[in-house]
Amino acid sequence: MVGKRLRIAVMSLAMGLWSVMAWANYSWNFPTPATPIATDTLHVHNKFMIIAMIIFFVVLGIMIFSIFNHRKDKGFKAATFTGPSTAKQVIWTLAPFALLLYIDFILMGIPAYHSVVMMEDTKNGADMVLKVTGMQWRWQYEYMDGYAKGIKFVSNLATPQDQIDNKAPKGEHYLLEVDEPVILPVNKKVRVILTSNDVIHTWWVPQFGVARDAIPGFLRETWVKIEQPGTYRGQCKELCGKGHGFMPVVVNAVSEDEFKKWADAKRAELATASAGADKTWSKEDLISHGKEVYEKNCAVCHQLDGKGVPPAFPPLAGSKVINGPIFDKDGKLIANSHLDRVLNGKNVMPAWKALLNDVDIASVVTYERNSFGNTMGDMLQPAQVKALR
Ligand SMILES: [Cu+2]
């Protein structure tokens, strides 16, 4: 019996130590704050923790003192009074009450109030506005004003599928890496406006001290002022479906000069991409570009092999919609055809015309019509997509 207990004790100790070792990578407190909000909330948290600890130890101390010193065998008897009757008793009842009110409303209340007011103050002194749209399962960023005005792109998970499937060792930023991070200048107050295309998501970067829901049909806002250049990583923090764990947030904070350089380069890149819609593409080029677009945007639901996850995400392999015509004999887009679904979406399928350019849409449609065993053999030119806008 003793041997068994000893074994259990040793095993528990070993498991306890192991879990401490497993936790070694995690910090016990908040991550290093990168914005005024994060600094302020960390101070509030630390202050509250200290106050709560002091109250805890004072109360515990009085309890332990009373238990040992007011024992029955020392002749103490339980009190029998029903309420404060003497002035001394009234004071001893009101004093802790007053102390708690002071702690709650002054000592803790004022800093908490200061933090909340600061968080909600999105407009005063804002240097620029960034619109963030959450959708299953990616983020779209749009610069609403300032130097980067008009730049708009989608940020997708960049972790390779092999790492997710445990076929390859996991990288340093596993599930916290994207193809296109959002770039923000340091020391600028950025007003972040949030919304969603489908369900509720939450844009969360722990080091910014900010997590705000992106709700369909609503605009909500927050702000960040990043104090140090660097890469900041976060995640969607509202369970939003199958791909919830696969829509990280990555923010690169850079100097203002670098921000301008990036905006110029990005604008040129977007212009080249939209100019691509005016030339005639070969089928091979459409298919190879379409494969990239598919793997980034479509595979999360319809799977890499096009088999989908029915019934939520229908298979593309052998699909009637894909293996059907796109245009009628007058050259008009057929409702519920392959291209109509891609452009305008259906149910949980987003309207990709808002997210992808003409080349991307023409390529991915061509790729789907000629892959996964689909043998339509036809192709769609970016110019045809452009004409439908
Ligand atoms: Cu989510």
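Let me start with a pair of strands: strand E9, residues 230–236, is joined by five bridges to strand E10, residues 249–254, and the two run antiparallel. If you would like one position to hold on to while you look, take Thr231, whose bridge partner in E10 is Asn252. I should say at once that what we are looking at is a predicted model, so please hear everything that follows as a description of that model.

Those two strands belong to an open sheet of five, in which the order is E4-E10-E9-E6-E7 and the pairing is mixed. At the edges sit strand E4, residues 182–185, and strand E7, residues 210–214, each of which pairs on one side only. Ignoring direction, neighbouring strands of this sheet are turned against each other by 25° on average. Helix H6, which covers residues 256–275, packs on the sheet and touches E4 and E10, and the direction of the helix makes about 140° with that of E4.

Within helix H6 I would like to pick out Lys266. Is Lys266 buried, exposed or partly exposed? The count is 17 C-beta neighbours inside 10 Å, and because a residue is called buried only at 20 or more and exposed only at 12 or fewer, Lys266 counts as partly exposed.

Now to the second sheet, which is also open and has five strands, here in the order E3-E2-E1-E5-E8, again with mixed pairing. Its edge strands are strand E3, residues 152–155, and strand E8, residues 220–224, and each of these pairs on one side only. From one strand to the next, the twist averages 25°. Inside this sheet, strand E1, residues 128–135, and strand E2, residues 138–143, pair in the antiparallel sense over six bridges. For a position to find on the screen, look at Leu130, whose bridge partner in E2 is Tyr143.

Finally, let me step back to the whole chain. The domain assignment divides the protein chain into domain 1, residues 30–120, domain 2, residues 128–270, and domain 3, residues 279–388. How far apart do the C-alpha centres of domain 1 and domain 3 lie? In this model the separation between those two centres is 63 Å. A single pair of residues gives another distance to keep in mind: Lys266, the helix residue I described earlier, and Thr93 are 173 residues apart in sequence, and their C-alpha atoms are 67 Å apart in space.

Methods: Residues numbered from 1 in each chain as written. Predicted model: local features only at pLDDT ≥ 70, side-chain atom pairs only at ≥ 80, totals over all residues. Domains from an automatic or database assignment. Pairing = 2+ DSSP bridges. Helix = DSSP H or I, 4+ residues; strand = E, 2+ residues; numbered from the N terminus. Axes fitted to C-alpha atoms, helices over the stretch in contact; angles between N-to-C directions. Contact = placed C-beta atoms within 7 Å.
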